[in-house]
Structures are given as structure tokens and as C-alpha cells.
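This report covers pockets, one helix and the nonpolar cores of a single model.

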Amino acid sequence: CGVTSVTVNAAERLAAAGKRAAVVDLNLEMGDVSIFLNTKAKYTLADLAINTAKVDAAYISSTAVRHSSGLDIISAPHAIEEADQVTAARLKVVFRHLRDLYDFTIIDTPSVFNETTIEALDHSDGVLLVSMLNIPNVRNAKRIKEAFDRLGYPKDKVHLIFNRFQKNS
């Protein structure tokens, strides 16, 4: 329903406004952020996760791809099997350093509730819940919002975006 489009556009606007911004592709098996931004990463989030003992601002900067907009991109792993290297515990270390390095870190999450997604959501200041304006997606957005309530997220942490409207839906 346009999650990656919203992620990339928000991150690019922040970078264009002079903010130190990064986008992290947490869709570990099928990430598309690099394709959307027409970049190719030598290193990925898996490299950061594998090397958490080395992770600091300099290491993250050397791993990220700098987009022409000034945005830094931390890409999803190149190979599907590398996704297993990115665990919640390893992400916690990476996120701590990202918070110190950037004014804004926008995380493109997959549409699943797993350990890594929950870790990202727990460490986020805000969550943009992107949905489409049709019955199945509105129902799913409601279910996700209820899950966020059970996780104890404050009401002002979650913001709902209806990204698409289908005329005959």
C-alpha cells in the first residue's frame, strides 16, 4: 500500500531540508529501498548486524550509501539467507548508534510482527501506519493499532496514513 514510497519520500524531504537523515530497509528478505532510490550498496544492514562490536558512527557512515539528496541508506541484505544475521539484539546496538549519528532515521519495516520489527517499533519516537482506504486494509489497520495499544505505545506515537483510494473498493 505504498509503505516504501512514503518512507523514501519522507526521508528525502528531511535530507533536502538539511537534516541528517537515514533510511534503514528492515524488509530483510525483500527490501526495495535501494531500488526506489536507484542505488547499489556494497554493505548492508546484515554487515552492521554481524559486526556489532565494530559498530560506531564511522562504521555506520562507511556502510551507508549516500544518495544524491544527502540521504544515507542502509540497505536490506543482498541475499535472503543473510536476513537471519539481523536479530533484535543486534538491531538494538545499531539503532543506538543511528540515534546518535542522525537527526532522523526512517525505518521501512515489513508488514509482519516479528522480533526485529517490534524492536524497531519499540525504539521509534513515532510510527506511521500506512494503509489503503478499503475494507480489508482498514480492518487490518485497526488490528495493528490494537496490537500497538497492547504493546503500550502512547496514543501520540502512532499516526495513520491512508495512502491510496481505489474508486470501486
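## Second largest pocket

The second largest pocket holds about 210 Å³ of space. A pocket here is an open set of points on a 1 Å grid over the protein atoms alone, where a 1.4 Å probe fits, with protein on both sides within 12 Å along at least five of seven lines; lining residues have an atom within 4 Å of a point. Of its 18 lining residues, Gly31, Ser34, Ala76, Pro77 and His78 are the closest to the centre. Helix H2 (residues 33–36) gives the most to this lining, with three residues. Helices (H or I, at least four residues) and strands (E, at least two) are DSSP runs, numbered from the N terminus.

The model is predicted: local features need pLDDT of at least 70, side-chain atom pairs count only at pLDDT 80 or more, and totals for chains, interfaces and linings use all residues. Residues are numbered from 1 along each chain as its sequence is written, and side-chain values use heavy atoms, without hydrogens and water.

## Helix H5

The 14 residues of H5 should span 20 Å at 1.5 Å a residue (1.5 Å times one less than the number of residues), and the end C-alpha atoms are 20 Å apart, which agrees. Buried residues of H5 (under 20% relative accessible area, 1.4 Å probe, protein chains only) include Leu91, Phe95 and Leu98.

Outside its neighbours within four places in sequence, Leu98 is in contact (heavy atoms within 4.5 Å) with Val24, Ile60, Ile74 and Thr105.

Technical notes:
Buried < 20%, exposed > 50% of the residue type's maximum accessible area, 1.4 Å probe, protein only. Points joined across faces, edges and corners; volume = space filled by probe spheres on them.
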